[in-house]
Amino acid sequence: MVEYRIDRRSGVATYVQIVQQTKQALRLGLLEPGDRLPTAREVVQATAINPNTVLKAYRELEREGLVEARRGLGTFVRKSLSTTPADSPLRAELDAWAVRAREAGLEREDVAALFTSVLDTHFAESKGDA
C-alpha cells in the first residue's frame with residue numbers, strides 16, 4: 001500500500017501531491033491493478049489533511065481511468081503505468097549516482113535541476129521541442 005507524504009512548503013496543491021505520488025507508485029510497479037488505495041480516513045490520520053482533499057485526488061485519478069471507487073469497499077487500481085520494475089538495474093544505477101551526487105555536496109534541489117536538465121535534453125522530442 002502507498003503511504004503519502006505531504007510537503008506543505010512545496011507550493012504544490014496537496015491533492016496534486018497525492019495524484020503525483022500515486023502515479024509514481026503506479027510507474028514503479030509499487031501499485032498494481034487490483035490493489036486498494038488507503039481510505040480517505042487512513043490518509044487523513046497519516047497526514048492530517050482534509051478528507052475532501054483526499055477525495056478530490058482520488059476523483060482525479062478516477063477521471064484519468066487509473067482507479068475506480070467501489071461503494072463500501074474502497075478505491076482500487078484499474079491499470080498500471082509501470083514499464084520498468086522498481087528493482088530494475090537502472091534504478092540501482094540511478095541510486096548509485098544519487099549517492100555520488102550527495103557525496104559531492106549537491107543538495108536535493110541541485111540534483112533535481114541537473115536531472116531535469118538531462119531529461120529535457122534526451123526527451124525534448126516528446127515535448128514537441130525537437
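Which residues make a nonpolar surface patch of about 350 Å²? The legends below take up this question first and then turn to other close-up views of the model, which is a predicted one.

**View 1. A nonpolar patch on the surface.** Leu94, Phe115, Leu119 and Phe123 together make this surface patch, which covers about 350 Å². Phe123 lies in the segment that follows helix α5 (108-122), and Phe123 counts as partly exposed because its relative accessibility is 48%, a value between the limits of 20% and 50% that bound this class.

**View 2. The largest nonpolar core.** This core has 19 residues, and those with the most contacts inside it are Ile18, Leu37 and Tyr58. Helices α1 (14-27), α2 (40-47) and α3 (51-63) each supply at least two residues of the core. When neighbours within four places in sequence are left aside, Ile18 is in contact with Tyr4, Ile6, Val43, Ile49, Val54, Ala57 and Tyr58.

**View 3. The hairpin of β1 and β2.** Strand β1 (residues 67-70) pairs with strand β2 (residues 74-77) in the antiparallel sense, over four bridges, and Ala69 stands opposite Thr75 in β2. Three residues lie between the two strands of this hairpin, and Gly72 in the turn has a positive phi of about 80 degrees.

**View 4. Ala101 in helix α4.** Ala101 has its place in helix α4 (residues 89-103) and counts as buried because its relative accessibility is 6%, which is under the 20% limit. Not counting residues up to four places away in sequence, Ala101 touches Leu106 and Val111. Ser80 is 21 residues from Ala101 along the chain, and the C-alpha atoms of these two residues are separated by 31 Å.

Notes. Residues are numbered from 1 along each chain as its sequence is written. This is a predicted model: local features need pLDDT of at least 70, side-chain atom pairs count only at pLDDT 80 or more; totals for chains, interfaces and linings use all residues. Side-chain values use heavy atoms; hydrogens and water are left out. A nonpolar core is a set of buried Ala, Val, Leu, Ile, Met, Phe, Trp, Tyr and Cys residues joined through side-chain atoms within 4.5 Å. Buried means under 20% relative accessible area, exposed over 50%, partly exposed in between (1.4 Å probe, protein chains only). Contact means heavy atoms within 4.5 Å. Patches are made of residues with over 30% relative accessible area and no salt bridge: like charges are joined within 9 Å, nonpolar side chains (Val, Leu, Ile, Met, Phe, Trp, Tyr) within 5 Å. Accessible areas come from the Shrake-Rupley method with a 1.4 Å probe; for residues, only the protein chains shown count as cover. A salt bridge is a side-chain nitrogen of Lys or Arg within 4 Å of a carboxyl oxygen of Asp or Glu. Two strands pair if DSSP finds at least two bridges between them.
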